[in-house]
Every structure is written in C-alpha cells, then in structure tokens.
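Reader: I'm at home at the bench, but less so with structure files. Could you walk me through how to read this one?

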Amino acid sequence: MDAYLTYAVGEKGHLVYVDDVPNGENCGCICPECGSNLIAKNKGQHNQHHFAHVSGSDCVGAVESALHLMAKEILSECKKIMLPQYPLQELASVISKVLK
C-alpha cells in the first residue's frame with residue numbers, strides 16, 4: 001500500500017495538514033520534495049484525504065521529505081531531544097565496529 005502525502009509546505013513555509021487548507025489548487029501548497037504546486041484533495045468521503053501534484057507526477061520522496069521537515073520543526077520548536085541512556089562502553093564498541 002502506498003503512503004499518501006498528507007502534509008505539504010504551506011504559503012508561510014511551514015508544514016500544513018491536508019484538512020487544514022482549502023480544497024483544490026487554492027490550498028497554496030508545494031511539495032516538500034520537488035517544490036511543485038499541489039492540489040489538496042480533502043472533500044471526498046471514500047479515499048484518504050491527501051495532496052496530489054498539479055502536474056499529475058508521482059514524486060517518490062515526498063512523504064519522506066514531509067516527515068523529515070516535520071522532525072526538524074519539532075526539534076526546532078522543542079529545543080531538546082530525549083535519547084535513551086546508552087552505556088559509554090557499548091557505544092565505543094559500536095563506533096569501533098562501524099569505523100573498521
């Protein structure tokens with residue numbers, strides 16, 4: 001099953017959810033991967049609401065780029081990241097294996 005593009009770059013340069021913008025080309029959104037204009041498809045009742053490229057192209061990296069931008073926005077907003085505790089000795093062992 002293909003993943004649908006449900007987030008895009010809005011007019012202010014931040015990610016927007018498909019249901020939070022006007023339907024159709026008036027959404028003013030662009031693809032986070034290729035920068036092309038998008039259409040918001042958010043009025044139907046049978047298919048998942050999503051964005052589609054105006055040109056009809058299938059941008060392979062769009063969903064991954066949207067997730068990457070979302071992670072960057074979250075980190076920028078929160079100003080911190082929580083990581084699990086990792087013993088230093090085990091970390092050194094992993095790094096030495098990677099560097100070999």
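Author: Gladly. Let's begin with a word we will use often: two residues are in contact when heavy atoms of theirs lie within 4.5 Å. This is a predicted model, and we can try the idea on T6. Setting aside neighbours within four places in sequence, T6 is in contact with V16, Y17, V18, Q48, H49 and F51.

Reader: Where does T6 sit, and is it buried or exposed?

Author: Residues under 20% relative accessible area count as buried. T6 has a relative accessible area of 14%, so it is buried. Along the chain, T6 is found in the segment before β1, which spans residues 7-9.

Reader: Since the model is predicted, what is the mean pLDDT of the protein?

Author: As a general idea, predicted coordinates should not be read in detail where pLDDT is low. Here the mean pLDDT is 87, and 97% of the residues reach 70 or more. Confidence is highest in strand β3 (residues 38-41), with a mean of 96, and lowest in helix α2 (residues 88-99), with a mean of 77.

Reader: Now the interior. Which residues of the largest nonpolar core touch the most other members?

Author: In soluble globular proteins, nonpolar side chains tend to be buried together. The largest nonpolar core in this model has 13 residues, and those touching the most other members are L5, V21, C27, C29, L38, A40 and F51. At least two residues of this core come from β3, and at least two from α1 (62-78).

Reader: And how should I read the largest pocket? Which residues lie nearest its centre?

Author: For a pocket, look at its volume, then at what lines it. The largest pocket holds about 370 Å³ of space. Its lining counts 15 residues, with A3, Y4, L5, D58 and C59 nearest the centre. By type, the lining divides into nine nonpolar, four polar and two charged residues.

Reader: Which element gives the most to that lining?

Author: That is β4, with four residues. Both β4 (50-53) and α1 supply at least two residues each.

Reader: I'd like to compare sequence distance with distance in space. What does G10 touch?

Author: It helps to look at a residue's place in the chain and its partners together. G10 lies in the loop between β1 and β2 (15-17). Beyond residues up to four places away in sequence, G10 touches V16, G28 and C29. G10 and C29 are 19 residues apart along the chain, yet their C-alpha atoms are separated by 4.6 Å. With a relative accessible area of 11%, G10 is buried.

Reader: What about H14 — where is its place?

Author: H14 is also in the loop between β1 and β2. H14 touches A8, V9 and E73, not counting residues up to four places away in sequence. The C-alpha atoms of H14 and L69 are separated by 8.6 Å, with their positions 55 residues apart along the chain.

Reader: And G35, how far is it from A3 in space?

Author: They are 19 Å apart, C-alpha to C-alpha, and 32 residues apart in sequence. G35 belongs to the loop between β2 and β3, and at 41% relative accessibility it counts as partly exposed.

Reader: One last feature: the backbone angles. What is phi of K79 near?

Author: Phi of K79 is near 60°, a positive value in a residue other than glycine. K79 lies in the loop between α1 and α2. Exposed means over 50% relative accessible area, so K79, at 69%, counts as exposed.

Technical notes. Residues numbered from 1 in each chain as written. Predicted model: local features only at pLDDT ≥ 70, side-chain atom pairs only at ≥ 80, totals over all residues. Heavy atoms only, no water. Buried < 20%, exposed > 50% of the residue type's maximum accessible area, 1.4 Å probe, protein only. pLDDT = per-residue confidence, 0-100. Core = buried A, V, L, I, M, F, W, Y, C linked by side-chain atoms within 4.5 Å. 1 Å grid on protein atoms, 1.4 Å probe; cavity = no way out; pocket = protein on both sides within 12 Å on 5 of 7 lines; lining within 4 Å. Points joined across faces, edges and corners; volume = space filled by probe spheres on them. Nonpolar A, V, L, I, M, F, W, Y, C, P; charged D, E, K, R; others polar.
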